[in-house]
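Thanks for making time for this. I would like to walk you through one protein, going from its overall layout to a few of its side chains.

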Amino acid sequence: GKRVVMVDDSIVRGTTSGRIVRLLRDAGAREVHVRVSSPPYMHPCYYGIDTPTRSELVASREGVEEIRRRIGADSLKYLGLEGVLDSIGLGPDGFCEACFTGDYPISVS
């Protein structure tokens, strides 16, 4: 019967977050609010994260409200890119943000 806030580092495909929200509800949570400590992943990462195509990224196809419904949360909020950069103390030149913005530091063919 509690309200729960679940914090996740990212939502890439949406499958893991949806499972965790269901587990929390099955355990008795009345409400599940999801907060994500990154912006939505909208572009493939070619530098280490296994996301080779945009079609695999839920945020490239759906908006926040659609993702919220998909994962079954009562609310969903993402940390913006500015918040990420402020929190790590780096400017945009010290941080690859390609998966969020589509601006790759080197040309991608």
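The protein has five helices and three strands, where helices (H or I, at least four residues) and strands (E, at least two) are DSSP runs numbered from the N terminus. Read from the N terminus on, its elements follow the order β-α-β-α-α-β-α-α. Before I go further, please keep in mind that this is a predicted model, in which local features need pLDDT of at least 70 and side-chain atom pairs count only at pLDDT 80 or more, while totals for chains, interfaces and linings use all residues. Residues are numbered from 1 along each chain as its sequence is written, and side-chain values use heavy atoms, with hydrogens and water left out.

As for overall dimensions, the C-alpha atoms fill a box of roughly 50 × 30 × 20 Å, taken along the principal axes. The accessible surface comes to about 6500 Å², and 52% of that belongs to carbon and sulfur atoms; these areas come from the Shrake-Rupley method with a 1.4 Å probe, and for residues only the protein chains shown count as cover. Of the 109 residues, 35% are buried, where buried means under 20% relative accessible area, exposed means over 50%, and partly exposed lies in between, again with a 1.4 Å probe and protein chains only. If we take contact to mean heavy atoms within 4.5 Å, then among contacts between residues at least 6 apart in sequence, 64% join residues at least 24 apart.

Let me turn to the interior. A nonpolar core is here a set of buried Ala, Val, Leu, Ile, Met, Phe, Trp, Tyr and Cys residues joined through side-chain atoms within 4.5 Å. The largest such core has 14 residues, and those with the most contacts inside it are I11, V34, V36, I67, I71, L76 and Y78. Two or more residues each come from β2, α2, α3, which spans 64-71, and β3, which spans 75-78, and it is β2 that gives the most, with three residues. Apart from this core lies another, of six residues, among them V12, Y41, C45 and F100.

Staying with the larger core for a moment, I71 touches I11, G14, S17, G18, V21 and V34, not counting residues up to four places away in sequence. One of those partners, S17, lies in helix α1, residues 15-26, and S17 is buried, with a relative accessible area of 3%. Leaving aside neighbours within four places in sequence, S17 is in contact with M6, D8, S10, I11 and I71. What does the side chain of S17 make with the side chain of D8? The two side chains make a polar contact at 3.0 Å, a polar contact being a pair of N or O atoms within 3.5 Å; within protein, one must be able to donate a hydrogen and the other to accept it, and residues adjacent in sequence count only if both atoms are side-chain atoms.

Now to the charged side chains. Side chains of opposite charge can pair when their charged atoms come close. I count a salt bridge when a side-chain nitrogen of Lys or Arg is within 4 Å of a carboxyl oxygen of Asp or Glu, and by this rule the count comes to six salt bridges. One of them joins R13 and E56, whose closest N and O atoms are 3.2 Å apart. R13 lies in the loop between β1 and α1, and E56 in the loop between β2 and α2, so the pair ties together parts that are 43 residues apart in sequence. R13 counts as partly exposed at 34% relative accessibility, and E56 is partly exposed as well, at 26%.

Helix α3 offers another example, in which E65, R68 and R69 are linked in a network of salt bridges. R68 and E65 meet at 2.6 Å, N to O, and these two residues are three apart in the helix, about one turn. E65 and R69 meet at 3.3 Å, N to O, and, being four residues apart in helix α3, they are separated by about one helical turn. Within this network, R68 counts as buried at 18% relative accessibility, whereas E65 counts as partly exposed at 38%.
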